[in-house]
Amino acid sequence: QVETGDTFYAKVNGVEFVDVDLMAIEIGIAGQDFISIGAQDAALNSMTVAVRSNVGAGTYPITGNVATDLVEASYTFDDEDFNATSGSVTITSKTATKIKGTFSFVTSTFNVTQGSFEVEY
């Protein structure tokens, strides 16, 4: 995190999610390439925002349909995964090695707001 200047921020139900670990990688899932941004807090809860590698700047909706959504998000709390059912991810800039954007999403239990990231992958 310190070496590349990566940043991540979000609020969960109005409370700041304070990451202590941050990772961004490009991975293949079910024949699709994604840039996956994962952050973890001190209590080992985690948040992931994934963007298909072939998308550029723009705003992409989260509908909860992982087969068709170009972006996905989830929040893991107390070892239980909560996938986003609605929301959006806005990519403000993207290069071959760095991506920057904002996000917000809703799960069955949590409301994630004011999300932002700038990471090398």
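# Reading an all-strand chain: a tutorial

A: Let's start with overall size. The chain has 121 residues, for which a compact globule would have a radius of gyration near 14 Å, and its own value of 13 Å agrees with that. The radius of gyration is taken over C-alpha atoms, and the globule rule is 2.2 Å times the number of residues to the power 0.38. Please keep in mind that this is a predicted model, where local features need pLDDT of at least 70 and side-chain atom pairs count only at pLDDT 80 or more, while totals for chains, interfaces and linings use all residues. Residues are numbered from 1 along each chain as its sequence is written, and side-chain values use heavy atoms, with hydrogens and water left out.

Q: What box do the C-alpha atoms of the chain fill?

A: Along the principal axes, the box is roughly 35 × 35 × 25 Å.

Q: How many helices and strands does the chain have?

A: Helices (H or I, at least four residues) and strands (E, at least two) are DSSP runs, numbered from the N terminus. Here the count is 0 helices and 11 strands. Read from the N terminus, the order is β-β-β-β-β-β-β-β-β-β-β.

Q: How do I read burial, and what share of the residues counts as buried?

A: Buried means under 20% relative accessible area, exposed means over 50%, and partly exposed lies in between, using a 1.4 Å probe and protein chains only. Of the 121 residues, 37% count as buried. Strand β7 (residues 71-77) is mostly covered, with 5 of its 7 residues buried.

Q: Which strands does β7 pair with, and in what sense?

A: Two strands pair if DSSP finds at least two bridges between them. β7 pairs with β5 in the antiparallel sense over 6 bridges, and with strand β8 (residues 80-83), again antiparallel, over 4 bridges. Towards β5, Thr76 of β7 stands opposite Ser46. Towards β8, Tyr75 stands opposite Phe82 and Ser74 stands opposite Asn83.

Q: What should I look for in the turn between β7 and β8?

A: Look at the backbone phi angles. This hairpin has 2 residues between its strands, and Asp78 takes a positive phi near 50°. Asp79 also lies in the loop between β7 and β8, and its phi is positive too, about 65°, although it is not a glycine. Asp79 counts as exposed because its relative accessibility is 78%.

Q: Where else does a positive phi turn up?

A: One place is the hairpin of β3 and β4, which has 2 residues between the strands and a positive phi of about 50° at Ala30 in the turn. Strand β3 (residues 19-29) and strand β4 (residues 32-41) run antiparallel and are joined by 10 bridges; among the partners, Ile25 is matched with Ser36 in β4. Another case is Gln114, a residue other than glycine with phi near 55°. Gln114 lies within strand β11 (residues 111-120).

Q: Is Ser53 buried or exposed, and which residues is Ser53 in contact with?

A: Contact means heavy atoms within 4.5 Å. Ser53 lies in the loop between β5 (46-52) and β6 (58-62), yet Ser53 counts as buried because its relative accessible area is 15%. Leaving aside neighbours within four places in sequence, Ser53 is in contact with Glu26, Asp33, Phe34, Ile35 and Lys94.

Q: Where is Gly56, and how far is Gly56 from Thr92?

A: Gly56 is found in the loop between β5 and β6, and with a relative accessible area of 31% it is partly exposed. Gly56 and Thr92 are 36 residues apart in sequence and 8.5 Å apart in space, C-alpha to C-alpha.

Q: How far apart are Thr68 and Glu16?

A: C-alpha to C-alpha, they are 30 Å apart in space, with their positions 52 residues apart in sequence. Thr68 is in the loop between β6 and β7 and counts as exposed at 53% relative accessibility.

Q: What share of contacts joins residues at least 24 apart?

A: Among contacts between residues at least 6 apart in sequence, the share is 43%.

Q: How many positive and negative side chains does the chain have?

A: Lys and Arg count as positive and Asp and Glu as negative, while His and the chain ends are not counted. The place of a charge is taken as NZ of Lys, CZ of Arg, CG of Asp or CD of Glu. The chain has 5 positive and 16 negative side chains, and the centres of the two sets lie 11 Å apart.
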